[in-house]
Structures are given as structure tokens and as C-alpha cells.
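Please look through the structure below before reading on. The paragraphs after it start from a single strand and work outwards.

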Amino acid sequence: MTLDCTYMENTIIGTCNQLAYNYPRKKNQDKGEVEAKKKAKGNEIVREIPQVSSSLFFQYNTALTPPYSVLVDTNFLSHTVQSKLELLTTMMDCLYSKCSPIITDCVMAELEKLGPKYRIALRIARDERWERLKCQHKGVYADDCLVDRVMKHKIYIVATNDRDLKRRIRKIPGVPIMSVARGKYLIERLPDAPEK
Ligand SMILES: [Zn+2]
């Protein structure tokens with residue numbers, strides 16, 4: 001009898017231990033599965049981002065609100081002329097909102113220096129509807145000027161087709177880039193996390 005009792009007790013304890021041992025393991029397994037599912041879901045969301053309308057990008061940079069201030073560079077103006085696009089309307093078609101093209105002193109000086117080949121671009125730049133920004137720096141090199149401005153104030157979109165300038169701007173969070181594509185302008189979001 002004593003033997004039987006001990007045997008039963010041991011069996012019960014054994015079962016309990018096994019349950020206690022199994023339970024958290026099962027729980028962890030479930031947790032792991034849930035995490036994996038969450039992760040998979042997260043990955044799906046990340047993959048979906050490029051399909052979302054580019055205009056949604058602006059929700060990340062609260063300093064950027066319509067009417068958008070667009071710093072236009074020399075190169076963007078010449079591409080606009082080549083593609084026979086109208087600066088302001090093409091810009092508004094791209095951003096679905098009011099925009100204000102901005103011409104800095106150095107961009108204007110660059111265009112003046114480039115000669116007769118850029119006379120139409122220069123004429124567009126001189127349009128009195130656009131905002132003009134005074135430059136304090138020496139020389140007419142506009143790239144450094146534009147980079148400097150967007151580093152200090154996150155209120156601009158930079159419009160350029162220059163590969164080097166685009167690369168520099170992409171490193172600055174919260175600054176969208178506009179470029180001339182076939183028959184229209186494109187707006188590009190940054191690959192890194194924009195500032196909030
Ligand atoms: Zn400048």
C-alpha cells in the first residue's frame with residue numbers, strides 16, 4: 001500500500017512537473033510564432049511603402065506644408081526647357097497643391113554665366129512671379145548654397161536633375177527632391193527616416 005501511494009504521488013508530481021515544464025514552452029512557442037507573424041506583417045508594410053502616393057511623404061515633415069517652397073536649380077530649369085514644360089503648372093500637377101518656385105541669386109548668376117544656350121531658362125528664372133532669395137556667399141556655385149539652405153531650414157523641396165546634388169540632398173532627412181522626368185516632374189521621398 002505504501003509503495004502504491006508513493007508511486008501514485010510520484011506519478012502526480014511527475015505529471016505536474018511535466019505540465020509546468022511543457023506549459024511555458026508552449027507559450028514561448030506561440031509567442032515566437034506571433035512575433036514571426038508580426039515581423040512578416042511588418043516586412044509586408046515596409047514593402048508596400050513605395051506604392052503609396054508620393055504626396056503622403058509630406059506627413060513626415062511637419063514643416064513642409066502647402067504652398068510648397070521649391071528651390072529650383074540651373075539644371076532643373078534647363079531640363080524644363082528641353083522637355084517644353086511650364087514650370088509652375090507642372091509643379092502643381094506634381095504636388096497636387098500650390099507651390100512657390102524660388103530662384104536664388106547664385107542660380108540666377110549661373111544662368112547668366114552659361115550664355116545664349118540657356119537664354120530661355122534664364123527668361124523663365126527671371127519671371128517676376130517667382131520668389132527670389134538673396135545670397136551672402138561668394139561665387140556663383142549654387143550646389144553648396146542649396147545644400148546649406150536645406151540643412152538650416154527644413155521648409156524646402158529641392159528641384160534638380162543633377163545627380164551629385166541629388167545624392168547630397170538625399171543624405172539630409174526631410175528634404176524631398178523634385179526632378180524632371182518624361183513630360184512631367186517627379187517628387188522623390190528620402191530613403192532614410194525623415195525628421196518628425
Ligand atoms: Zn546662393
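In strand β4, Tyr-156 and Val-158 point one way while Ile-157 and Ala-159 point the other way, and all are buried. A residue counts as buried if 20 or more other C-beta atoms lie within 10 Å of its own, as exposed if 12 or fewer do, and as partly exposed in between, with C-beta atoms placed from the backbone. Strands here are DSSP runs of E with at least two residues, and helices are runs of H or I with at least four, both numbered from the N terminus.

This is a predicted model, in which local features need pLDDT of at least 70 and side-chain atom pairs count only at pLDDT 80 or more, while totals for chains, interfaces and linings use all residues. Residues are numbered from 1 along each chain as its sequence is written.

What does β4 pair with? β1 and β4 pair in the parallel sense over four bridges, where pairing requires that DSSP finds at least two bridges between two strands. Val-72 has Ala-159 of β4 as its bridge partner. Two bridges join β4 to β5, and these strands also run parallel; here Ala-159 is partnered by Met-178 of β5. In general, strands of a sheet pair through backbone hydrogen bonds, either parallel or antiparallel.

The wider sheet is open and holds six strands in the order β3-β2-β1-β4-β5-β6, with mixed pairing. β3 (131-133) and β6 (184-188) stand at the edges with a single partner strand each, so one side of each has no neighbour in the sheet. From one strand to the next the twist averages 35°. Towards one edge, β2 (residues 99-104) is joined to β3 by three bridges, and the two run parallel. Ile-102 has Glu-131 in β3 as its bridge partner.

Helices come next. β4, helix α7 (residues 163-170) and β5 make a right-handed β-α-β unit: with the strands pointing away from the viewer, the path from the first strand over the helix to the second runs clockwise. Helix α2 (residues 74-82) lies across β1 (68-72), β4 (156-159) and β5 (177-181), at about 30° to β5. Such angles run from 0 to 180 degrees between N-to-C directions, with axes fitted to C-alpha atoms, for helices over the stretch in contact. Seven of the nine residues of α2 are buried, so this helix is largely enclosed by the rest of the structure. Among them are Phe-76, Leu-77 and His-79. Helix α3 (residues 87-95) lies across β1, β2, β5 and β6, running at about 45° to β6.

Ile-177 belongs to strand β5. Why does Ile-177 count as buried? Ile-177 is buried because 22 other C-beta atoms lie within 10 Å. Leaving out residues up to four places away in sequence, Ile-177 touches Val-158, Thr-160, Lys-166, Ile-169 and Glu-188; a contact means that two C-beta atoms, placed from the backbone, lie within 7 Å.

The largest nonpolar core has 36 residues, and those with the most contacts inside it include Val-70, Ala-125, Val-158 and Met-178. Such a core is a set of buried Ala, Val, Leu, Ile, Met, Phe, Trp, Tyr and Cys residues joined through C-beta atoms within 7 Å. In soluble globular proteins, nonpolar side chains tend to be buried together. Over the protein, buried residues make up 27% of the 196 residues.
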